[in-house]
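Visitor: I'm new to this one and would like a walk through it. Could you show me the structure and take my questions as they come?

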Amino acid sequence: KPASASETLKIMQVNVLFINKDPALLKALIEKEQPDIVVSAETPPVFADMFETLKGDYPWQDIHAQKGNPRGLGVISKTKLGNPARIHFDHKGVPSQTFTVALGGQDITFVSIHPFTPTENIAGQIVKPRQCARRFRHLSQLADVFAHAFPAHPHRSCTGQRHDCRA
């Protein structure tokens, strides 16, 4: 816990949708909101290029863009990133990203993970949020977050197909 209000971090976490080819809206939002750290999921090369243009304000960057798939990850920061790494927990096709940031005299470790979505086809099955939480049980402290983080209403994917994410 920070010792004072001046020892806070403003963090923006975004899923840019890997088929998105227009980073202009995100760039404008970053410039308006001025977060200390931006963490991105589904990061394609065009967004990595945009992040590069922000290097004056965000000199610490660890971007792992992916073309044509949703596994690209990235972090840009005004604050020094310690030990940035791309790691895999239990599925080598699903990377995660870790880094530390010093705040209030201590290092805070961040883990950015983009698990299979609850409606993504895993081994021929449609997976519900609670199944997703069980799949990532090795992250026990986050399993409840996975189980409750998905919207409790139907939505449309980028393909226009209707999905019901309720458990």
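Visitor: How are α1 and α2 set relative to each other: roughly parallel or roughly perpendicular?
Guide: Keep in mind that this is a predicted model. The axes of α1 and α2 come within 10 Å and cross at roughly 30°. Angles under 35 degrees count as roughly parallel. So the answer for α1 and α2 is roughly parallel.

Visitor: And which residues of α2 make that contact with α1?
Guide: The crossing of the two helices, α1 and α2, is right-handed. On the α1 side, L26, K27 and I30 take part. Their partners on α2 are F47, M50, F51 and T53.

Visitor: Where in the chain is the confidence lowest?
Guide: The chain as a whole averages a pLDDT of 74, and 63% of the residues score at least 70. At the high end sits helix α2 (residues 45–53), with a mean of 96. The low end, with a mean of 34, is strand β10 (residues 155–156).

Visitor: How many contacts does the stretch 140–167 have in the model, beyond near neighbours in sequence?
Guide: Some caution first: where pLDDT is low, the predicted coordinates should not be read in detail. Over residues 140–167 the pLDDT is below 50. Beyond near neighbours in sequence, the contacts that the model gives this stretch number 40.

Visitor: Which residue forms a salt bridge with K10?
Guide: The count of salt bridges comes to 2. In this one, the closest N and O atoms are 3.3 Å apart, and the cut-off is 4 Å. K10 sits in the segment before β1 (11–15), and its partner is in helix α1 (residues 24–33), 23 residues apart from it. That partner is E33.

Visitor: Are K10 and E33 buried, exposed or partly exposed?
Guide: K10 has a relative accessibility of 38%, and E33 has 31%. Buried means under 20% and exposed means over 50%, with partly exposed in between. So K10 and E33 both count as partly exposed.

Visitor: What about K55: which residue does its side chain meet in a salt bridge?
Guide: Here the N to O distance is 3.9 Å. K55 is partly exposed at 35% relative accessible area, and its partner is partly exposed too, at 46%. The partner of K55 is E52.

Visitor: Now strand β7. Is S112 buried or exposed?
Guide: S112 lies in strand β7 (residues 106–113). Leaving out residues up to four places away in sequence, S112 touches V39, L73, S96 and Q97. Its relative accessibility is 9%, and the limit for buried is under 20%. So S112 counts as buried.

Visitor: And T109, buried or exposed?
Guide: T109 is also found in strand β7. Not counting neighbours within four places in sequence, T109 is in contact with F99 and T100. Its C-alpha atom is 7.0 Å from that of T98, which is 11 residues away along the chain. With a relative accessible area of 56%, T109 is exposed.

Visitor: What is the phi of E42, roughly?
Guide: Most residues other than glycine have a negative phi. E42 sits in the loop between β2 (37–41) and α2, and it is buried, with a relative accessible area of 8%. Although E42 is not a glycine, its phi is positive, at about 55°.

Visitor: N83 has a positive phi as well; is N83 buried or exposed?
Guide: The phi of N83 is near 50°, and N83 is not a glycine either. N83 lies in strand β5 (residues 82–88). Its relative accessible area is 64%, and so N83 is exposed.

Visitor: Last one: how far apart in space are P70 and A41, C-alpha to C-alpha?
Guide: P70 lies in the loop between β3 (60–64) and β4 (73–77). Setting aside residues up to four places away in sequence, P70 touches F18, E42 and H114. P70 and A41 are 29 residues apart in sequence, and their C-alpha separation in space is 7.5 Å.

Technical notes: Residues numbered from 1 in each chain as written. Predicted model: local features only at pLDDT ≥ 70, side-chain atom pairs only at ≥ 80, totals over all residues. Heavy atoms only, no water. pLDDT = per-residue confidence, 0-100. Helix = DSSP H or I, 4+ residues; strand = E, 2+ residues; numbered from the N terminus. Contact = heavy atoms within 4.5 Å. Buried < 20%, exposed > 50% of the residue type's maximum accessible area, 1.4 Å probe, protein only. Axes fitted to C-alpha atoms, helices over the stretch in contact; angles between N-to-C directions. Parallel < 35°, antiparallel > 145°, perpendicular 65-115°, else oblique. Left-handed = near helix turned anticlockwise from the far one by under 90°.
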